[in-house]
Amino acid sequence: MDYIRNQSKPKDGKLLAIGHSMGGILLYAMLSQDGYRGKNTELASVITLGSSLDYTTSRSSMKMLIPFVDPAKAVNLPVVPVRALLAAIYPLASYPPYLLSWLNPRISAQNMMHPELFERLVLKNFCTIPAKLLSQLSTAFGKGGLRNRSGTFFYKDHLHKTNVPVLALAGDKDLICPPEAVYETVKLIPENLATYKVFGEPRGPHYAHYDLVGGRMAYYQVYPRIIEFLSRHDIC
């Protein structure tokens with residue numbers, strides 16, 4: 001962020017930030033920490049896509065990762081090889097007899113992503129997850145939502161202190177970060193600063209977790225909404 005600021009030299013010294021999934025979680029955490037410290041934030045506005053600090057009110061499929069936490073700790077495993085696991089099961093999810101086809105909607109809604117792009121996303125986008133990170137993310141499913149690694153700081157508790165405009169976007173078929181999880185966080189931001197939008201229609205198109213950034217309709221429906229919000233808060 002310092003590099004971008006030095007290169008772009010914004011007049012107010014502030015940046016416009018967009019974060020998808022964990023990227024949005026990091027931005028919420030930054031806003032919370034700045035509010036707690038009474039610090040003047042270095043962000044002019046924030047956009048999150050499929051992000052939340054608290055998943056307790058939703059049926060997020062990210063809960064599937066929680067069982068890996070304790071075994072990883074028990075054997076002192078430094079990382080969980082998510083990329084290798086997905087690469088191994090991808091053929092079972094995408095080719096006959098489709099034994100694991102139930103995994104696909106957790107990434108993209110039906111007919112929302114080009115098959116070639118979907119394959120590249122599954123095989124190349126994911127990486128190994130540090131066990132400590134996975135352990136910290138698991139706190140988002142507990143009372144009070146996401147905490148720091150020591151368990152002493154609850155990020156939700158200070159989000160209401162922010163003075164930064166936030167656009168929180170959700171997908172109607174997002175099984176990783178469902179709309180109710182997105183709302184659980186954005187409702188804590190002062191009402192005059194928060195905008196909440198769910199993409200997807202009853203008869204389609206529908207948006208799963210990665211459709212918000214890579215789905216067929218994102219260019220026509222999601223991106224214009226992002227650009228409009230950025231333009232409104234960009235003073236160059």
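Begin by selecting Lys9, which lies in the loop between helix H1 (2-8) and strand S1 (15-20). Helices (H or I, at least four residues) and strands (E, at least two) are DSSP runs, numbered from the N terminus. Lys9 has a positive phi of about 50°, although it is not a glycine. With a relative accessibility of 62%, Lys9 counts as exposed; the classes are buried for under 20% relative accessible area, exposed for over 50%, and partly exposed in between (1.4 Å probe, protein chains only).

The model is a predicted one, in which local features need pLDDT of at least 70 and side-chain atom pairs count only at pLDDT 80 or more, whereas totals for chains, interfaces and linings use all residues. Residues are numbered from 1 along each chain as its sequence is written, and side-chain values use heavy atoms, with hydrogens and water left out.

**The whole chain**

Display the full protein chain, which contains 9 helices and 6 strands. Of its 236 residues, 44% count as buried. The chain exposes about 12900 Å², of which carbon and sulfur atoms supply 57%; accessible areas come from the Shrake-Rupley method with a 1.4 Å probe, and for residues only the protein chains shown count as cover. Among contacts (heavy atoms within 4.5 Å) between residues at least 6 apart in sequence, 76% join residues at least 24 apart.

**Helix H1 and the loop after S1**

Return to helix H1 and select Arg5 and Asp2, which form a salt bridge whose closest N and O atoms are 2.9 Å apart. A salt bridge here is a side-chain nitrogen of Lys or Arg within 4 Å of a carboxyl oxygen of Asp or Glu. The two residues are 3 apart in H1, so about one helical turn separates them. Arg5 is buried, at 15% relative accessible area, whereas Asp2 is exposed, at 53%.

Next, select Ser21, in the loop between S1 and helix H2 (22-37). Its phi is near 60°, a positive value in a residue other than glycine.

**Ser45 in strand S2**

Move to Ser45, which is placed in strand S2 (residues 43-49). Is Ser45 buried or exposed? It is buried, with a relative accessible area of 0%. Leaving aside neighbours within four places in sequence, select its contacts: Leu15, Leu16, Ala17, Val164, Pro165, Phe229, Leu230 and His233.

**The two sides of helix H5**

Select helix H5 (residues 115-125), whose buried residues are Phe118, Leu121 and Val122. Viewed down the axis of H5, these fall within an arc of 90°, so they line one face of the helix; the arc is that of the directions from the helix axis to the C-beta atoms. Rotate to the face turned away from the buried side of H5 to find the exposed residues Glu116, Arg120 and Lys124.

**A cis peptide bond**

Continue to Pro205, found in the loop between strand S6 (194-199) and helix H8 (211-214). The peptide bond from Gly204 to Pro205 is cis, with omega near 0°.

**Helix H9 and the surface patch**

Select Val213, Tyr219, Tyr220, Tyr223 and Ile227, which form a nonpolar surface patch with about 550 Å² of accessible area together. Patches are made of residues with over 30% relative accessible area and no salt bridge; like charges are joined within 9 Å, and nonpolar side chains (Val, Leu, Ile, Met, Phe, Trp, Tyr) within 5 Å. Helix H9 (residues 218-233) supplies the largest share of the nonpolar patch, 4 residues. Tyr223 lies in helix H9 and is partly exposed, at 31% relative accessible area.

In the same helix, select Arg232 and Glu228, which are 4 residues apart in H9 and therefore separated by about one helical turn. An α-helix has 3.6 residues a turn, so residues three or four places apart point the same way. The side chains of Arg232 and Glu228 meet in a salt bridge (2.9 Å, N to O). Glu228 is partly exposed, with a relative accessible area of 37%.

**The salt-bridge network**

As the last stop, select Asp54, Lys156, Glu184 and Lys187, which are joined into one network by salt bridges that share partners. Within this group, Glu184 and Lys187 form a salt bridge, with closest N and O atoms 3.4 Å apart. Glu184 is buried, at 13% relative accessible area, while Lys187 is partly exposed, at 42%. How many salt bridges does the rule give? The count comes to 6.
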